[in-house]
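Please brief me on this structure, in short sentences and grouped bullet points. Give the cut-offs for each term where it comes up.

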Amino acid sequence: MAAGLKYNLIRDTCNQFLVSGGVTFELPIGSTRSLQGNGDGEFHLFLTGMKKVGDWHWISGSGFRLPTNRAEENQVWYWSNHWDRKISNNLYFLTEVNWYHWLNSSRAFALPVEGGDLFNLGSAGIAGNNIVTGAVGTKYKPSSNMELGVAFEFPLTERRGVLDNRLTVDAIFRY
């Protein structure tokens with residue numbers, strides 16, 4: 001569970017350009033048996049942006065996951081990029097590239113395995129490691145307040161951490 005604030009720094013609808021920044025704090029709750037609740041919480045500082053480039057939408061976000069107890073959780077720097085393009089009235093093609101860089105090693109989890117965007121395991125021996133993933137998928141928008149999407153994500157580097165291949169399905173309802 002996390003709580004935080006996000007603020008639009010630049011909002012230029014005429015040029016379809018947006019920049020926002022924020023901070024959240026993830027509470028240290030959950031069962032340690034399910035690899036959750038370790039440490040004393042984690043701050044997440046981030047900057048996101050969006051720009052229409054030709055027929056494509058580009059959304060980019062970068063941030064730092066900064067645990068309050070670096071012995072229990074790892075510090076991570078990430079940069080994620082998403083591109084999508086309308087291919088019919090309600091259908092979009094999308095592709096993504098995500099980079100994760102571990103800034104420190106911890107001692108909560110003895111194995112040198114990165115948790116990616118799923119878990120902050122607090123793994124030993126991972127400082128300086130990088131994982132890059134790619135994804136391809138589609139988004140279907142049957143109405144202005146509903147979106148359905150599917151994407152297949154796969155590692156682009158030899159290092160995989162807990163990620164081998166992943167299928168993500170989402171549904172968004174706006175009110």
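**Strands, rings and polar contacts**

A151 stands opposite T168 in β9. The model is predicted: local features need pLDDT of at least 70, side-chain atom pairs count only at pLDDT 80 or more, and totals for chains, interfaces and linings use all residues. Residues are numbered from 1 along each chain as its sequence is written, and side-chain values use heavy atoms, with hydrogens and water left out.

**Strand β8 and its partners**

- Strands here are DSSP runs (E, at least two residues), numbered from the N terminus.
- Two strands pair if DSSP finds at least two bridges between them.
- Strands β8 and β9 run antiparallel and are joined by 8 bridges.
- On the β7 side, 9 bridges join β7 to β8, again antiparallel.
- A hairpin through 2 residues links β7 to β8.
- G137 stands opposite A151 in β8.
- In a regular strand the side chains alternate between the two faces of the sheet.
- Strand β8 (residues 146-155) has such alternation: E147, G149, A151, E153 and P155 point to one face and are buried. M146, L148, V150, F152 and F154 point to the other face and are not buried.
- Buried means under 20% relative accessible area, exposed over 50%, and partly exposed in between (1.4 Å probe, protein chains only).

**D170 in strand β9**

- D170 lies in strand β9 (residues 166-173).
- D170 is partly exposed, at 30% relative accessibility.
- Its contacts (heavy atoms within 4.5 Å) are K139, E147, L148, G149 and V150, leaving aside residues up to four places away in sequence.
- The side chains of D170 and K139 share a polar contact of 2.8 Å.
- A polar contact is a pair of N or O atoms within 3.5 Å; within protein, one must be able to donate a hydrogen and the other to accept it, and residues adjacent in sequence count only if both atoms are side-chain atoms.
- A polar atom of the D170 side chain also lies 2.9 Å from the backbone nitrogen of G149.
- D170 and A151 are 19 residues apart in sequence, with 8.9 Å from C-alpha to C-alpha.

**E114**

- E114 is buried, with a relative accessible area of 1%.
- A polar contact of 2.6 Å joins its side chain to that of N129.
- E114 touches W102, L121, I126, N129, I131, R159, G161 and V162, again leaving aside residues up to four places away in sequence.

**Aromatic rings**

- A pair of aromatic rings is described by the distance of the centres and the angle of the planes.
- Rings of Phe, Tyr and Trp (its six-membered ring) pair if their centres lie within 6.5 Å; planes under 30 degrees apart count as stacked, over 60 as edge-to-face and the rest as tilted.
- The structure holds 6 aromatic pairs.
- W56 and F93 are edge-to-face, with 6.2 Å between centres and 80° between planes.
- W56 lies in strand β4 (residues 56-67) and F93 in strand β6 (residues 91-102), so this pair ties together parts 37 residues apart in sequence.
- W56 is partly exposed at 31% relative accessibility, and F93 is partly exposed at 32%.
- F64 and W77 have ring centres 5.5 Å apart and planes at 20°, so this pair is stacked.
- F64 is in strand β4 and W77 in strand β5 (residues 76-86), so the pair ties together parts 13 residues apart in sequence.
- F64, W77 and W99 form one aromatic cluster.
- K141 lies over the face of Y92, 4.5 Å from the ring centre. The criterion is NZ of Lys or CZ of Arg within 6 Å of the ring centre and within 35 degrees of the ring normal.

Note on methods
Helices (H or I, at least four residues) and strands (E, at least two) are DSSP runs, numbered from the N terminus.
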